[in-house]
Amino acid sequence: MKSALKTIALAAAIGLAAISGAAAQQVRVGFAAEPYPPFTSPDASGNWEGWEVDFMKAICAEAKLDCVVTPVAWDGIIPALTTNKIDMIIGSMSITPERQQTIDFSDKYYNSLPGIIGPKDVKFEPTPEGLNGKTLGVQVATIHQVYANKYFAPAGVTVKEYQTQDEANNDLAAGRIDAVQADSVAMLEFVKSEQGSACCDMKGMVKDDPEVLGLGVGVGLRKGETELKDKINAAIKAIRENGTYDTFSKKYFDFDIYGG
């Protein structure tokens, strides 16, 4: 009888342990498969690090999610989400009306205007008029490509598209193009780098257009997945309120990246 009771007790204990120790919901997080400092970059061992990696870890811990980094080519990252190859996007993706037709977004988790960089020894305004006759590099499938084609191309600016931001930056450093437009935080990081500081400086920010540039950066999610969206939104709110967001952000920025 004692043996039987011990067996029952052991089985119950194993069952409770299985319930209490059940694996957290696994979520595949899509990052662009390219360095984009200070947001995401692979280290020498291939592990991803950067501000958005810290952000991902913070919200996943808060939401009790088992998040797995899944690098995806940027121009295929939304199709990867809609075809269930990944479960959410954390990749400096701006919340725009065009994208909202295809996918859903969490609340904003940071916001910054695009900036334009160019050669140090060439002075020009970061406007369509200032870039008239010049070549502007942008990454494909970004708000910068849309913005450049809307404002710069009609003003006599040649818009050259690149698969990755690194390619655009490298061509600028080599003198093959005249300017690059991208997120101002990423551009400031580039001009602080050894390569960027040798060639280039920040010319300024572009004029805002919320219809194109969006209302900040959010986590990309499939439409209809309200439970996951609610978890992510609650986690963003919590890390903003409990100080976690500010703590990891101070490792990278001396300003409030959350923005207005």
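Here's a quick briefing on the nonpolar cores of this structure and on one pair of helices that pack together. Keep in mind that the model is predicted. The largest nonpolar core has 34 residues, and helix H2 (51-63) is among the elements that supply it. Helix H2 also packs against helix H10, with the axes 8 Å apart.

**The largest core**
- Which residues touch the most other members of this core? They're Trp51, Phe55, Ile59, Met88 and Ile90.
- Several elements chip in at least two residues each, including strand E1 (25-32), strand E4 (65-72), helix H7 (184-192) and helix H10 (226-241).
- H2 gives the most, with 8 residues.

**Around Trp51**
- Leaving out residues up to four places away in sequence, Trp51 touches Pro38, Phe39, Tyr109 and Tyr110.
- Its contacts further along the chain are Tyr245, Phe248, Ser249, Tyr252, Phe253 and Ile257.

**A separate core**
- Apart from the largest core there's another one, made of 15 residues.
- Ile116, Ala148, Val157 and Ala179 are among its members.

**Where H2 meets H10**
- The two helices pack at an angle of about 110°, so H2 is roughly perpendicular to H10.
- Their crossing is right-handed.
- On the H2 side, the contact is made by Phe55, Ala58, Ile59, Glu62 and Ala63.
- H10 brings Lys231, Ile232, Ala235, Ile236, Ala238 and Ile239.
- By type, the residues of this contact are 9 nonpolar and 2 charged, with no polar ones.
- Phe55 and Ile59 turn up in this contact, and both are also listed among the residues touching the most other members of the largest core.

Conventions. Residues are numbered from 1 along each chain as its sequence is written. This is a predicted model: local features need pLDDT of at least 70, side-chain atom pairs count only at pLDDT 80 or more; totals for chains, interfaces and linings use all residues. Side-chain values use heavy atoms; hydrogens and water are left out. A nonpolar core is a set of buried Ala, Val, Leu, Ile, Met, Phe, Trp, Tyr and Cys residues joined through side-chain atoms within 4.5 Å. Buried means under 20% relative accessible area, exposed over 50%, partly exposed in between (1.4 Å probe, protein chains only). Helices (H or I, at least four residues) and strands (E, at least two) are DSSP runs, numbered from the N terminus. Contact means heavy atoms within 4.5 Å. Axes are lines fitted to C-alpha atoms, for helices over the stretch in contact, and angles run from 0 to 180 degrees between N-to-C directions. Angles under 35 degrees count as roughly parallel, over 145 as roughly antiparallel, 65 to 115 as roughly perpendicular and the rest as oblique. A crossing is left-handed if the near helix is turned anticlockwise from the far one by less than a right angle, and right-handed if clockwise. Ala, Val, Leu, Ile, Met, Phe, Trp, Tyr, Cys and Pro count as nonpolar, Asp, Glu, Lys and Arg as charged, and the others, Gly among them, as polar.
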